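Student: I am new to this structure and would be grateful for a close look at a single part of it. Please begin with one strand and then place that strand in its surroundings.

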Amino acid sequence: MTAWLPDETTLHHGNGPYREDRAADVFAVLREQAGNQTAQVTAAGAAWLAGAAAYPRSALSQWESHPSAPGVLPCGSAFDVVNVPTLFGRRMLEHLWADGPGSGPVALHRGRMLLFASPGTAQRLPSLLDWEEWGGGPASRSEGDAAGEEESGRKVPPLLCHGTGDAVTVPPLTCGANASGPRWVVAPDTRSPWLPGPDVLLWACVRVARSVPSSGPRISIFPPADQGAKVYDVSRRR
C-alpha cells in the first residue's frame, strides 16, 4: 500500500485557520497509528471515502470528531459494493491477490465481506453470473437467505450488490485489532484507488466455485443395477 501522501486540501479543510495543536486532528492520529498498514485508512483514503458523500467536508469534520465511529456512505458514484459471505469473500481475495490483479478496499461487517468495486458493478455482475450459469439467485435476497443457501451447498451464494440508491456502513477510520464492529481488511490509502469491475469479480467468483468440491450426492443418468439380473458375456456373440 502507498505511504502517507501530503494533501493540503485534506489536512487543512474548514473555514477557520488550521492549528497544529488541534486535538481532533484525526489525520494526525492516523499518521501516528496506521503508518503503511493495510487495515488502517490513510489521509488520502479518508478523502476518497468522503468524496462519496453529498457533503465531503462535513463528512471529514464528523470523522475528525468521532474517528472511531463507523459511517454510512452512498454507493453508485465513487464506488459500488459487492456483499458476500465472509468465507466465500476470503477465498475470492486469495484468488484476486495470488492469481489476479488484486482488490480494491475491502471491509468486514456483520459476518459479511464488503468488496468495493467500480460504479456499475452492482448492476452488471448478477447478470454476468446468470449468463455464465453461475448465479445463485436474485441479488435482492436477504442476508439470512443468502447465508442459508450457502450452507445448503450452492457453489456461488447469492450476492448482495449495492449500487445507485443504496448506502453501506463503512468501518471507522481508526479501530483496534480486536474491534468487534466493522473493520477494514484492505483499507483505502489513495485518492484514486483501483477498483475491480464486474469482469474481475466474475472471474474471482468462478475461480472459487470451481475450487470448492461439491458436497451434494452424485446423480447418475443410469438406473440402478438389478442385483438379480442375469449377466451375459456379449463377447461370445456370433
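Tutor: The part chosen here is strand β3, residues 106-109, in which V106 and L108 point one way while A107 and H109 point the other way. All four are buried, a term for under 20% relative accessible area, with exposed meaning over 50% and partly exposed lying in between (1.4 Å probe, protein chains only). Strands, such as this one, are DSSP runs of E with at least two residues, and helices are runs of H or I with at least four, numbered from the N terminus.

A word on the basis of this description is in order. The model is predicted, so that local features need pLDDT of at least 70 and side-chain atom pairs count only at pLDDT 80 or more, while totals for chains, interfaces and linings use all residues. Residues are numbered from 1 along each chain as its sequence is written, and side-chain values use heavy atoms, with hydrogens and water left out.

Strand β3 has partners on two sides. Strand β4 (residues 112-117) runs antiparallel to β3 and is joined to it by four bridges; two strands count as paired if DSSP finds at least two bridges between them. Within this pair, A107 has L114 of β4 as its bridge partner. The hairpin of β3 and β4 has two residues between the strands, and R110 takes a positive phi near 55° there. Strand β7 (residues 183-186) also pairs with β3 in the antiparallel sense, over three bridges, and W184 of β7 stands opposite A107.

These pairings belong to an open sheet of five strands, in the order β5-β2-β4-β3-β7, with antiparallel pairing. Its edge strands, β5 (160-162) and β7, each pair on one side only. Direction ignored, neighbouring strands of the sheet are turned by 25° against each other on average; the axes behind this angle are lines fitted to C-alpha atoms, for helices over the stretch in contact, and angles run from 0 to 180 degrees between N-to-C directions.

The strand also contributes to the packing of the interior. A nonpolar core is a set of buried Ala, Val, Leu, Ile, Met, Phe, Trp, Tyr and Cys residues joined through side-chain atoms within 4.5 Å. The largest such core has 27 residues, of which V82, V84, M92, L115, L129, L159 and L201 touch the most other members. Strand β3 is among the elements that give two or more residues to this core, together with β2 (80-85), α5 (86-98), β4, α6 (121-131) and α8 (198-211). Helix α8 supplies the largest share, eight residues. A second, separate core of 23 residues includes V41, A46, L60 and L114. In soluble globular proteins, nonpolar side chains tend to be buried together.

One residue of helix α5 may be added: H95 lies in that helix and is buried, with a relative accessible area of 16%. Leaving aside neighbours within four places in sequence, H95 is in contact (heavy atoms within 4.5 Å) with G100, W203, R207, V208 and S211.

The strand may finally be set against the whole protein. The secondary structure comes to eight helices and seven strands, and buried residues make up 43% of the 238 residues. Among contacts between residues at least 6 apart in sequence, 76% join residues at least 24 apart.
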